There are 2 protein chains.
Amino acid sequence: MPYTAAMQQGRPGVTSLLVRHALFAGIDAATVDQFAQAGQLQDYSKGDTLFLQDDDAEWFYIIVSGWVKLFRETMDGHEAVIDILTSGQSFGETAILEDGRHSCGATAVEKVQLLRLPAPMLKRSISENNRMALAMLHTLSQHRRRQTREIESLTLQNASQRIGCFLLRLCTIDMAEPIELKLPYDKSLIAARLGMKSETFSRALNKLRDETDIKVEGSLVTIPRLEVMSSFSCSACSNEFPCDDIS
Amino acid sequence: MPYTAAMQQGRPGVTSLLVRHALFAGIDAATVDQFAQAGQLQDYSKGDTLFLQDDDAEWFYIIVSGWVKLFRETMDGHEAVIDILTSGQSFGETAILEDGRHSCGATAVEKVQLLRLPAPMLKRSISENNRMALAMLHTLSQHRRRQTREIESLTLQNASQRIGCFLLRLCTIDMAEPIELKLPYDKSLIAARLGMKSETFSRALNKLRDETDIKVEGSLVTIPRLEVMSSFSCSACSNEFPCDDIS
């Protein structure tokens with residue numbers, strides 16, 4: 001079960017988490033303070049359920065550290081991974097625009113710290129404060145860009161290119177070659193995140209190795225040349241590396 | 001080239017188009033009237049380009065009749081069909097939340113009539129009128145639901161189930177069986193819309209025929225039993241027929 005860590009932390013810590021998020025950028029201090037007072041820092045362990053699809057949305061969340069999986073469950077019991085989010089990203093806030101229920105479930109992929117904030121306060125705030133409504137529009141617009149890119153990638157990139165794209169998103173253009181990366185979570189979850197079965201993932205990773213000379217040992221990946229990787233993966237995409245749609 | 005039909009139509013026609021759209025539902029008459037005065041009805045022929053990816057967004061659009069394709073182009077010249085929209089749906093409005101440029105291209109799939117409205121007017125309106133900002137939030141939230149469902153479908157449904165899902169979205173639960181449908185646009189575009197190559201589409205359609213006893217002759221489809229079709233397609237989805245996320 002999560003414990004509330006907020007009592008151990010000063011509110012200034014919560015405030016600084018809030019103002020780094022697009023939803024609170026440029027918002028008046030009184031409003032930010034109201035959310036900071038109501039916010040609760042909580043820690044979760046790997047596998048903890050944060051909420052289920054169709055749950056009433058009492059809270060929305062900003063990730064302080066760790067990874068969170070958003071998913072939907074099908075009639076026949078399979079799971080579609082809709083997104084995997086990390087520090088600085090928010091989730092659950094769009095329920096206030098729908099019927100007040102979460103449109104997907106959320107679980108902790110690993111140890112995760114979250115700042116949870118009351119959904120009714122956000123709903124009231126966007127009705128009364130136009131700057132909050134505009135900030136929320138920008139947040140939703142970012143979500144939409146991520147999703148558009150995701151649809152494009154699922155439509156046009158092959159499995160190897162999708163893995164390459166995933167790895168490139170962990171890189172920045174100023175990294176020294178050969179680039180050494182640690183996979184952020186385990187391979188079976190990466191496969192699910194990319195919409196692949198585990199067998200497909202393994203085959204596609206082998207093909208990516210052949211095409212780009214990367215090395216994969218456990219969760220460590222070495223990319224000898226960024227340009228080789230980006231020309232392989234980005235050719236089937238409308239973005240060039242470095243991507244401008246990472247939020 | 002498109003011609004402006006607005007002069008042949010009274011503004012009341014434009015007003016009634018506007019108030020049926022979620023963006024203008026519940027908005028004060030003065031604001032609606034301002035958009036109605038600025039709106040232009042335009043007709044386009046099949047294949048006409050409405051705008052290209054990265055174009056400055058001068059206008060946003062509400063579809064009066066016909067079908068519009070939104071797409072992105074990859075580095076290697078392929079096209080990802082992001083969405084295909086029809087009467088009552090809008091597009092291009094989210095550019096005002098980004099950098100003022102369209103994040104995808106748009107073309108007329110067939111003869112189409114559009115109501116185009118000035119993007120700067122919308123941008124100003126959401127800043128000054130909180131109800132407009134809230135209405136825009138709801139519009140974006142609808143887009144997001146469509147896209148989430150699309151990602152889920154691309155991830156978990158097989159090609160035959162995706163075609164079945166596409167057909168089910170043309171049905172309502174009160175239709176008498178056998179249901180006779182006309183495909184809304186040609187099969188190659190349906191294939192692209194569903195993220196499939198033409199060969200995959202043909203094979204998957206044959207499999208769907210075997211599984212559900214549908215008949216396909218040219219653009220006419222006969223579905224003998226809705227329940228057989230929905231249990232085949234919806235088992236790999238988190239929605240049940242009839243879908244609640246059709247906007």
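Here are some short exercises with worked solutions on the two-chain model above.

This is a predicted model, in which local features need pLDDT of at least 70 and side-chain atom pairs count only at pLDDT 80 or more, while totals for chains, interfaces and linings use all residues. Residues are numbered from 1 along each chain as its sequence is written, chains are lettered from A and ligands numbered from 1 in the order in which they are written, and side-chain values use heavy atoms, with hydrogens and water left out.

**Exercise 1. Work out how chain B is related to chain A.**

Step 1: A turn of 180° and a shift of 0.0 Å along the axis lay chain B on chain A, with an RMSD of 0.0 Å. The superposition is by least squares on the C-alpha atoms of residues with pLDDT of at least 70 in both copies.

Step 2: That is the relation of a two-fold axis.

Step 3: Both copies use the same surface, as 100% of the contact residues of chain B recur in chain A; contact means heavy atoms within 4.5 Å.

**Exercise 2. Find what is special about the backbone at A:D213 and at B:D54, and say how exposed each residue is.**

Step 1: Start with A:D213, where phi is near 60°, a positive value in a residue other than glycine. This residue sits in the loop between α7 (198-212) and β11 (215-217) of chain A. Here helices (H or I, at least four residues) and strands (E, at least two) are DSSP runs, numbered from the N terminus.

Step 2: With a relative accessible area of 54%, A:D213 is exposed. The classes are buried under 20%, exposed over 50% and partly exposed in between, using a 1.4 Å probe and protein chains only.

Step 3: Turn to B:D54, which is not a glycine but has a positive phi of about 80°. Look for B:D54 in the loop between β3 (49-51) and β4 (59-65) of chain B; its relative accessible area of 44% makes it partly exposed.

**Exercise 3. Locate a cis peptide bond in chain A and one in chain B.**

Step 1: In chain A, a cis peptide bond joins A:F241 and A:P242, with omega about -5°. A:P242 lies in the segment after α8 (226-234).

Step 2: In chain B, a cis bond links B:E177 to B:P178, again with omega about -5°. B:P178 belongs to the loop between α5 (159-168) and β10 (179-182).

**Exercise 4. Describe the largest nonpolar core.**

Step 1: This core has 52 residues, and A:L18, A:F24, B:L18 and B:F24 have the most contacts inside it. A nonpolar core is a set of buried Ala, Val, Leu, Ile, Met, Phe, Trp, Tyr and Cys residues joined through side-chain atoms within 4.5 Å.

Step 2: Leaving aside neighbours within four places in sequence, the contacts of B:L18 include B:F24, B:V32, B:F35 and B:I62.

**Exercise 5. Describe the largest pocket.**

Step 1: The largest pocket holds about 1400 Å³ of space. On a 1 Å grid over the protein atoms alone, a pocket is an open set of points with protein on both sides within 12 Å along at least five of seven lines, and lining residues have an atom within 4 Å of a point. Grid points are joined across faces, edges and corners, and a volume is the space filled by probe spheres set on the points.

Step 2: Among the 41 lining residues, A:L154, A:T155, A:G195, B:L154 and B:G195 are the closest to the centre of the largest pocket.

Terms used:
On a 1 Å grid over the protein atoms alone, a cavity is a set of points where a 1.4 Å probe fits but cannot get out, and a pocket is an open set with protein on both sides within 12 Å along at least five of seven lines; lining residues have an atom within 4 Å of a point.
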